[in-house]
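Opening my notebook on a structure I have not seen before. I'll jot down what I look up as I go.

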Amino acid sequence: MEHNRGNDHNKNKKPEGERPKGGYFTPLMIALVLVLVFSWVMNAVEKSQYTETSISDFWEAMEANQLSEVEIQGDRILYMTKEEAVKDPSQQKACFTGLPHGGDTLELSRELKAMGVDVVYPIVEDNSVIMMILSYAIMIGGMFLLMNMVTRRMGGDGMMGGFGKSKAKVYMEKQTGVTFKDVAGQDEAKESLQEIIDFLHNPQKYTAIGAKLPKGALLVGSPGTGKTLLAKAVAGEADVPFFSISGSDFVEMFVGMGASRVRDLFQQAAKVAPCIIFIDEIDAVGRSRDNRFGNNSEQEQTLNQLLNEIDGFEPSKGIVCLAATNRPEILDKALLRPGRFDRRIIVDRPNLQGRLDTLKVHTRKIKLSEDVDLRKIAQATAGAVGADLANLVNEAALRAVRKGRQAVNQEDLLVSFETVIAGTEKKNTVLTDMEKRLVAYHEVGHALVAALEKHSQPVSKITIVPHTSGALGYTMQMPEEEKFLSTADELRTELKTLVGGRAAEQVVFGVQTTGASNDIQRATSLARAMVTQYGMSEKFGLMSTASVQHQYLDGQAYMDCSQEMAAEVDKEVMRILEAAYADARKILTDNRALLDEISEFLLVKETITGDELMAYVNADKKELPPAEEAAEETEA
Ligand code: ADP
Ligand code: ZN
């Protein structure tokens with residue numbers, strides 16, 4: 001029972017730019033372990049067939065003429081005493097002992113023969129030989145695997161001597177084929193980068209005046225906002241080669257490799273300058289060198305080398321270093337000093353126009369049918385980043401193919417949008433009738449509170465068709481226009497809407513279900529943010545008691561106050577939630593007839609639109625005394 005505002009989106013990152021991870025050690029280790037396990041098992045199997053005895057036991061048995069059968073096998077003697085042979089001759093249960101050093105087996109066998117004991121020298125039914133062959137085979141296999149991996153990493157030059165060289169990891173594109181036209185929105189970022197392009201085209205213009213251009217710029221923004229794309233576009237616009245490497249590639253292998261990789265990278269770049277060097281995830285190497293995150297000498301060496309190289313190259317050569325990160329706050333200050341990555345270019349989540357443009361860019365090569373309204377989709381996807389939108393468009397195209405159509409229509413886009421936020425519909429989840437009723441009332445509870453309250457976003461869809469994400473139903477609200485600010489009233493309404501589902505369960509059935517857990521989580525974190533960050537509680541007023549970290553990632557806030565204060569915050573959050581819940585219950589109790597009516601309708605239709613909902617609500621509203629309505633209007 002999800003309650004979605006329609007701005008959730010999956011954070012799947014592009015598959016492109018993914019590079020194989022893991023060291024060279026893995027195959028070797030696997031081979032070794034295999035050999036060990038194998039030989040251990042063989043040994044155990046072999047031993048279990050015999051009882052181990054000592055040489056003196058053997059002599060004793062021999063002197064007492066107790067031997068019935070002797071088998072001489074390489075370094076061991078297998079023998080069976082008469083006693084055992086009588087007990088169970090079929091089982092061949094023999095005992096063995098190490099062969100006496102320098103023991104002359106011929107002499108021994110002659111002696112035994114004289115005593116009337118059968119002596120056998122088996123030809124080769126020798127497990128140890130098989131085992132040896134097998135373990136060599138495994139080892140050689142492992143080595144092959146290892147060589148294969150190494151050579152692939154070395155760019156296929158097939159030389160083991162390539163250890164310590166970094167060529168494999170650097171991706172060089174002579175022409176990226178990407179221009180600013182392929183990057184939608186991001187106008188501020190493009191403007192800042194325009195100068196770099198101009199510089200790459202025409203360095204003399206800048207050096208003639210004596211101007212120094214920044215050697216590097218830092219692209220900062222959430223994952224999937226198009227940082228890599230922008231960097232490629234800069235290379236494309238300037239028509240220069242594009243070197244890319246990910247920060248995490250520097251630090252993974254042997255100590256000392258990172259630094260030599262950096263050196264190599266800049267050497268290679270210098271050969272083809274002017275060019276762009278792009279370092280993705282620079283936070284992996286550029287993490288602050290203070291010891292808060294533990295000492296990592298490899299990372300430090302790499303970072304020092306990087307700083308060194310950046311300081312070292314002459315800007316007039318035309319190398320520009322771009323780096324991307326979504327955690328700028330953890331970068332080492334030295335990286336951000338003037339003359340290094342001193343420019344910070346923010347690559348924001350796109351606004352309405354940006355999303356519309358992104359959709360246009362990605363639908364350029366896709367056949368669209370007449371009814372497609374990209375603006376509607378852009379409106380629905382507040383908060384989505386470029387990568388999400390690219391994904392959405394592709395999903396829609398795939399759906400059109402599945403349905404055997406020639407072009408993508410609006411429904412494809414809408415459905416794939418829902419797939420992105422809620423997973424696909426899962427029609428075969430069987431709910432009991434009672435569960436279905438609960439879900440329906442729960443969802444209508446959300447929707448009705450939203451519809452009856454002022455300051456709420458209009459409901460666009462209510463459904464009780466289960467989705468693969470696990471949601472048994474959801475209510476989708478869609479903002480009419482892009483909003484950047486929320487007022488306290490709007491947030492309070494949102495709280496009421498969020499707890500409206502549980503309120504409906506309680507009011508109608510007097511039960512509480514697990515379906516409300518997501519709502520409760522979201523309501524709680526919203527209420528907490530109101531208290532700790534937005535200054536919207538009576539008790540704490542303007543005092544901030546939490547601070548946000550990783551604003552380009554999850555944007556989570558961490559409590560930043562005394563323990564007593566934190567306990568007080570909890571109480572205040574609880575009070576706010578209780579108030580919202582009481583309000584929601586009152587709204588639903590007061591409009592019980594409407595709640596029943598819409599829920600029954602939803603049970604029959606399974607999915608209803610916002611307009612259908614409002615038709616019910618407005619019919620009811622007309623019966624309200626006009627005076628009251630007017631009073632409400634003026635209040636607003
Ligand atoms: P980042 O490096 O910021 O994580 P990417 O540049 O790798 O993100 O973006 C991933 C994909 O998302 C791109 O290949 C592109 O298809 C799409 N994309 C992201 N931002 C935009 C944009 N502004 N315009 C067009 N496509 C975009
Ligand atoms: Zn809910």
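**Entry 1: the ligand**

Which polar backbone atom is 3.3 Å from an oxygen atom of ligand 1? I looked it up, and it belongs to Ala 387. Before going on, a reminder to myself that this is a predicted model.

I then checked two more contacts of ligand 1. Thr 228 brings a polar side-chain atom to 2.6 Å from an oxygen atom of the ligand. With Leu 229 the backbone does the job: one of its N or O atoms is 2.9 Å from a ligand oxygen.

How much of ligand 1 does the protein cover? On its own the ligand has 550 Å² of accessible area, and 92% of that is covered by the protein. I also wanted to know which elements give two or more residues to the shell, and they are α8 (227-238), α13 (352-363) and α15 (386-402).

The shell has 18 residues, and Gly 224, Lys 227, Thr 228, Leu 229 and His 362 come nearest. I sorted the shell by class and got 6 nonpolar, 7 polar and 5 charged residues.

**Entry 2: the sheet**

Next I turned to the strands. I found an open sheet of 6 strands with mixed pairing, and I wrote down its order as β7-β9-β10-β11-β8-β12. Which strands stand at the edges? They are β7 (171-173) and β12 (343-346); each has a single partner strand, so one side of each is left without a neighbour in the sheet. Ignoring direction, neighbouring strands here are turned by 20° against each other on average.

A note for myself: strands of a sheet pair through backbone hydrogen bonds, either parallel or antiparallel.

I started at the β7 edge. β7 pairs with β9 (residues 242-246) in the antiparallel sense, over 3 bridges. I picked out one bridge there, and it links Met 172 with its partner Phe 243 in β9.

**Entry 3: strand β8**

Is β8 (residues 216-220) buried or exposed? I went through the strand and 5 of its 5 residues are buried, so β8 is largely enclosed by the rest of the structure. I looked at its faces too. Gly 216, Leu 218 and Val 220 are buried on one side, and Ala 217 and Leu 219 are buried on the other, so to speak a strand covered on both faces.

On to its partners. β8 runs parallel to β11 (residues 319-325), with 5 bridges between them, and Gly 216 has Cys 321 of β11 as its bridge partner. The pairing of β8 with β12 is parallel as well, over 4 bridges. There I found Leu 218 opposite Arg 344 of β12.

**Entry 4: two residues further along**

I looked up Asp 412 and found it in helix α16 (residues 410-422). Asp 412 has a relative accessible area of 0%, so I put it down as buried. Which side chain does Asp 412 contact? It is that of Arg 399, through a polar contact of 2.6 Å.

Last came Leu 431, which I located in the loop between α16 and α17 (433-452). Where does Leu 431 fall, buried or exposed? Its relative accessible area is 17%, and the cut-off for buried is under 20%, so I noted Leu 431 as buried. I also checked how Leu 431 sits relative to Leu 472, which is 41 residues away along the chain. Their C-alpha atoms are separated by 9.0 Å.

Definitions and conventions: Residues numbered from 1 in each chain as written. Chains lettered and ligands numbered in written order. Predicted model: local features only at pLDDT ≥ 70, side-chain atom pairs only at ≥ 80, totals over all residues. Heavy atoms only, no water. Pairing = 2+ DSSP bridges. Axes fitted to C-alpha atoms, helices over the stretch in contact; angles between N-to-C directions. Near = heavy atom within 4 Å. Polar contact = N/O pair within 3.5 Å; in protein donor to acceptor, adjacent residues only side chain to side chain. Areas by Shrake-Rupley, 256 points an atom, 1.4 Å probe, with all protein chains shown as cover. Nonpolar A, V, L, I, M, F, W, Y, C, P; charged D, E, K, R; others polar. Buried < 20%, exposed > 50% of the residue type's maximum accessible area, 1.4 Å probe, protein only.
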